[in-house]
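Reader: I've got a model open and I'd like to learn how to read it. Can you walk me through it piece by piece?

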Amino acid sequence: MGERVGIVAVYQTKYEPRKIFDSYPELVFEVCHKVLEENGLTIEDMDQIITNSQDFWDGRTISNRTVSEACGSVLRSESKVAMDGSFAVFYAAIRILSGCYDSCLLVSHCKMSEGEPHLINNAMFDPLYQRIMGLDELSTCALQARRYMYKYGINEEQCAQVAVKNLGNGQKNPYVHRGKKVSVEEVMKSSMLADPIKELEAYPITDGACAMILANEEKARKWSSTPVWITGLASRLDAFYLGDRDLAEALSLRLAAQKAYQMAGITNPRKEIDLVELSDFYSYQELLWLEEMGFCPRGEAGKMLEKGTTQMSGELPVNPSGGILSGNPVTVAGAVRVAEAALQLMGKAGAHQIAGAKRALAQGHCGPCGQGQCVIILEKGA
Amino acid sequence: MARRSKRNVAIVATGQTDHRSRRPDVNIVEMINEAVRRCLSDAQMTMEEIDAVIIGNMEHFEGIFFTEMWAVDGSGAFLKHGMKITTGGTTGSSLALAGYYHVASGLFDTVMTIGWEKQSEGETTAGLIFQADPLWERATMSGAIGSFAASATAYMHKYGITEEQAAKVAVKNRKNAFNNPHAHLKMDLTVEQVLNSKMLAYPIKMLDMCPTSDGACAMIFASEEKAKKICQNPAWVIAGVTRHDQPFGGDLEMVMNLRTLRSATEEAYKIAGIKDPLRDLDVAELYEPCTFAELSWYEAAGFCGPGEGGKLIDSGATYLDGELPVNPSGGVLSTNCIGATAMIRVAEAAIQVMGKGGKRQVPNVKKALATGFGGSWWSDVVILSNTP
Amino acid sequence: MEKKNEELLVAEFNAQFTYDYSAGRYASYFFKQLKENKRIMGIKCPKCKRVFVPPRPACGYCYVKNEEWVDLGDEGLLWGYTIVQFPFLDPLTGEERPIPYGYGFIELSGAATRLQHFVTASDLRKLKIGLRMKAVFREERKGNLADILYFKAIE
């Protein structure tokens with residue numbers, strides 16, 4: 001990839017189960033204002049704003065309408081990406097690479113506590129063949145988990161270990177709300193939501209927002225002593241109908257990762273990437289995504305976890321932030337993956353810092369069973 | 001501040017369904033596919049040659065949460081990069097700009113953008129309710145018509161714009177629509193008929209308002225190298241500007257003065273080197289949600305001074321045979337499938353530059369203006385040219 | 001699934017989406033004042049001094065936090081109005097609003113932005129731009145914008 005886009009700064013709210021005092025404008029203003037203020041920048045420095053939210057979660061059509069003053073887009077350029085936050089970062093980078101804009105303020109917001117998740121997620125399915133079955137995100141991911149485990153010999157204990165690791169990591173992240181020490185047994189015994197997914201293996205209802213400043217190379221160097229470069233970015237959409245896919249395969253992720261690696265000049269991701277922030281809405285997903293991104297052969301992600309490779313002290317830390325399992329809202333989750341990976345490379349991850357991290361991968365997904373996948377490779381600024 | 005892209009990008013093909021009030025013969029994905037096929041046919045390309053698909057609509061109107069995912073079979077996005085952008089009325093133009101930025105980034109050579117709406121399948125009332133802010137607008141909700149009407153009276157009061165002048169917009173645009181095979185409403189009206197049509201909210205009458213249509217529109221954006229191979233006369237994007245604004249009607253002057261359009265066109269004209277829009281532009285596709293709006297948008301777009309919109313239409317300058325034909329396609333007054341409407345403006349402007357306008361072709365189009373409107377009185381402005 | 005003429009099938013989907021919208025600190029204060037004290041409050045930008053109603057956390061012009069509350073009184077000028085003949089659904093009652101009714105934008109004294117609400121006069125035909133209007137409150141108020149019944153022309 002010739003030109004590069006830099007991430008200059010990030011700011012996150014505390015992610016909480018119910019941020020009852022915050023309306024959307026208040027939430028958005030907090031992160032946008034702070035990310036500028038803390039980095040000595042003003043809204044005038046921003047050529048454009050990209051907002052990221054979903055109308056169905058906000059219960060508002062044109063969900064970016066009420067946050068315009070809060071994100072600084074009054075009489076400025078703004079557009080909204082209505083997908084997982086990783087796609088919003090993708091689009092912000094595209095708009096800078098176009099040359100039309102030098103900089104971008106990106107803000108992602110969601111309050112899962114305000115709507116009814118099962119109903120909202122049921123609406124992602126097609127009204128002709130699927131909705132009537134009451135499918136929602138949880139039930140379909142449970143189907144995927146079962147299929148993946150069957151085809152590739154992953155077992156429930158390995159999935160539970162993902163939860164143990166990530167919730168454990170979450171203890172060191174001041175922004176998340178469900179970081180805690182749990183045992184495999186406790187996870188296995190937590191209430192069954194949709195077989196085989198148990199309560200501690202599913203992400204909790206969470207509210208929050210995340211903001212980021214991106215810029216072209218010239219501005220990024222001017223504004224930050226620790227810019228983080230986007231050196232690879234790719235996304236792919238798989239088929240929609242679950243029966244058109246083998247749910248044990250994540251073809252769109254495989255292709256997106258391959259493309260992102262190619263752009264970043266990576267031939268051996270396991271060796272060349274120092275840490276991964278992936279989207280673990282459900283524990284099985286971490287294992288499936290790691291395999292499809294080529295970090296280990298198919299069926300081996302559970303073993304890799306058991307060996308300790310993906311622990312914070314291991315060769316390839318995965319989700320040192322605690323992941324989505326520790327509490328990130330849907331939509332914002334993908335932006336947080338990029339933000340957390342960037343913080344690591346900036347050396348600003350505090351208690352959950354991975355020492356010496358130079359190259360990170362952030363992954364987000366959107367749509368039924370990870371239909372749409374986005375992979376972003378980040379490198380520490382030189 | 002926006003500027004011209006680093007790489008040249010052109011629109012090389014478009015496709016639209018024939019817009020109608022209801023399309024019970026197709027489901028949403030099939031309707032999208034119709035526009036996609038027509039667009040590929042216009043380009044003489046196959047889906048394999050498209051690198052990415054960007055799609056959008058106004059989600060609450062049909063009650064489908066992840067249309068970009070559902071539509072994959074019909075939109076052609078399978079195993080490609082895909083995105084969904086939903087910004088209300090400006091969705092179509094936001095999508096078009098996204099197509100432009102994607103190709104300009106250098107990471108994609110050909111990008112298809114698709115805007116669509118099948119409002120007949122949704123519950124309009126529910127859609128309207130969700131559009132109104134729950135704290136500040138739902139208690140008094142009177143639709144878009146309420147805000148258009150309440151600010152149209154302010155516009156008339158301040159500048160002496162008349163209902164007759166507004167009615168001329170409906171007569172002009174719906175007559176222009178006869179030349180457009182895709183347009184929904186094609187009507188041969190008189191000013192009297194418009195004035196006598198059912199009053200919805202003073203001064204807005206039935207024939208002053210845009211319809212709701214089922215339809216889809218697709219466009220292909222291409223890099224310079226590809227554009228020259230695909231199309232004889234590509235429509236080069238020489239400026240793209242967006243402006244958003246404060247959230248509530250009461251924060252703004254609305255129909256009386258669309259300041260986002262004023263600000264966006266000023267910047268776009270600067271980027272495109274346009275000094276006198278009435279003279280330098282050859283055709284304009286303005287997003288006019290109602291008749292009074294078109295008059296006011298003439299002013300905001302710099303075709304005439306403040307308050308002179310009525311005089312401009314009286315002069316004939318914006319008719320097909322005038323100095324700057326506005327909405328030769330029939331405009332939004334003839335076709336309004338919300339997620340597509342703003343894209344149709346860009347597509348129709350591109351059609352004019354590409355010389356593919358058939359019966360609605362304005363002669364010798366070198367520069368065309370397309371605007372998108374929606375959201376909270378937001379504006380998108382795109383300027384196309386026959387040279388990069 | 002229903003069978004309709006010409007064998008075109010229609011799949012129905014009927015769902016009640018409910019939301020618990022957080023009003024936030026600013027709106028909560030506004031509605032409390034409206035309900036308890038029949039006061040319409042605006043919020044002032046510390047930099048440009050514009051007073052905004054409805055209140056909001058940030059000034060869109062200066063991009064700073066709004067902090068100071070201002071009592072805007074209950075009178076203002078009619079900036080623009082319409083008489084609605086189309087029976088929109090009232091989301092609060094689920095019933096169609098009785099038509100005709102007046103709807104418009106009121107410039108409360110001291111506010112930089114206008115409040116949109118129902119407007120009326122002894123006769124709707126008397127409504128015109130520039131009239132002085134006064135808020136009429138409901139007896140029983142719940143802490144939402146419907147606590148104001150309408151703005152009525154002072155005649």
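Author: Sure, beginning with secondary structure. Helices (H or I, at least four residues) and strands (E, at least two) are DSSP runs, numbered from the N terminus. On that basis chain A comes to 14 helices and 11 strands. Before going on, some bookkeeping: residues are numbered from 1 along each chain as its sequence is written, while chains are lettered from A and ligands numbered from 1 in the order in which they are written. This is a predicted model, in which local features need pLDDT of at least 70, side-chain atom pairs count only at pLDDT 80 or more, and totals for chains, interfaces and linings use all residues.

Reader: What does the predictor say about its confidence in the complex and in chain C?

Author: pLDDT is the predictor's confidence in each residue, from 0 to 100. Chain C averages 93, and 96% of its residues score at least 70. For the complex, the predictor gives an ipTM of 0.97 and a pTM of 0.97.

Reader: How do I read the overall shape of chain A?

Author: Use the radius of gyration, taken over C-alpha atoms, and hold it against the globule rule (2.2 Å times the number of residues to the power 0.38). For 382 residues a compact globule would have a radius near 21 Å, and the 19 Å of chain A agrees with that. Its C-alpha atoms fill a box of roughly 55 × 45 × 40 Å along the principal axes.

Reader: And how is chain C built, and what is its radius of gyration?

Author: Chain C has 1 helix and 10 strands, in the sequence order β-β-α-β-β-β-β-β-β-β-β. Its radius of gyration is 20 Å, well over the 15 Å that the rule gives for 155 residues, so chain C is more spread out than a compact globule. The box for its C-alpha atoms is roughly 65 × 40 × 30 Å, again along the principal axes.

Reader: What share of each chain is buried?

Author: Count neighbours: a residue is buried if 20 or more other C-beta atoms lie within 10 Å of its own, exposed if 12 or fewer, and partly exposed in between, with C-beta atoms placed from the backbone. In chain A, 68% of the 382 residues are buried. For chain C, 41% of the 155 residues count as buried.

Reader: Show me one residue. Is Ala211(A) buried or exposed?

Author: Ala211(A) counts as buried because it has 27 C-beta neighbours inside 10 Å. It lies in strand β7 (residues 207-216) of chain A. Contacts add to the picture: two residues are in contact if their C-beta atoms, placed from the backbone, lie within 7 Å. Leaving out residues up to four places away in sequence, Ala211(A) touches Tyr11(A), Val31(A), Cys32(A), Val35(A), Leu105(A), Leu106(A) and Val107(A).

Reader: Which contacts in chain A join residues at least 24 apart?

Author: I can give you the share. Among contacts in chain A between residues at least 6 apart in sequence, 78% join residues at least 24 apart. In chain C, 49% of the contacts between residues at least 6 apart do so.

Reader: How would you read a single helix, say α10(A)?

Author: Check its span. The expected value is 1.5 Å times one less than the number of residues. With 14 residues, α10(A) reaches 20 Å from its first C-alpha to its last, close to the 20 Å expected. Its buried residues include Leu253(A), Leu255(A) and Tyr261(A), and the buried residues of this helix pack against β8, α11 (269-272), α12 (283-292) and β11 (372-380) of chain A. Gly265(A) follows α10(A) and has a positive phi, near 70°.

Reader: Now the interfaces. How many residues of chain A and chain B are in contact?

Author: 49 residues of chain A are in contact with 52 of chain B. Elements giving two or more residues to the chain A side include α4 (85-97), β8 (228-237) and α10 (251-264). For classes, Ala, Val, Leu, Ile, Met, Phe, Trp, Tyr, Cys and Pro count as nonpolar, Asp, Glu, Lys and Arg as charged, and the others, Gly among them, as polar. That side of chain A divides into 23 nonpolar, 15 polar and 11 charged residues.

Reader: Which elements of chain A face chain C?

Author: The contact takes 21 residues from chain A and 20 from chain C. On the chain A side, α1 (24-37) and α3 each give two or more residues. The residues there divide into 10 nonpolar, 5 polar and 6 charged.
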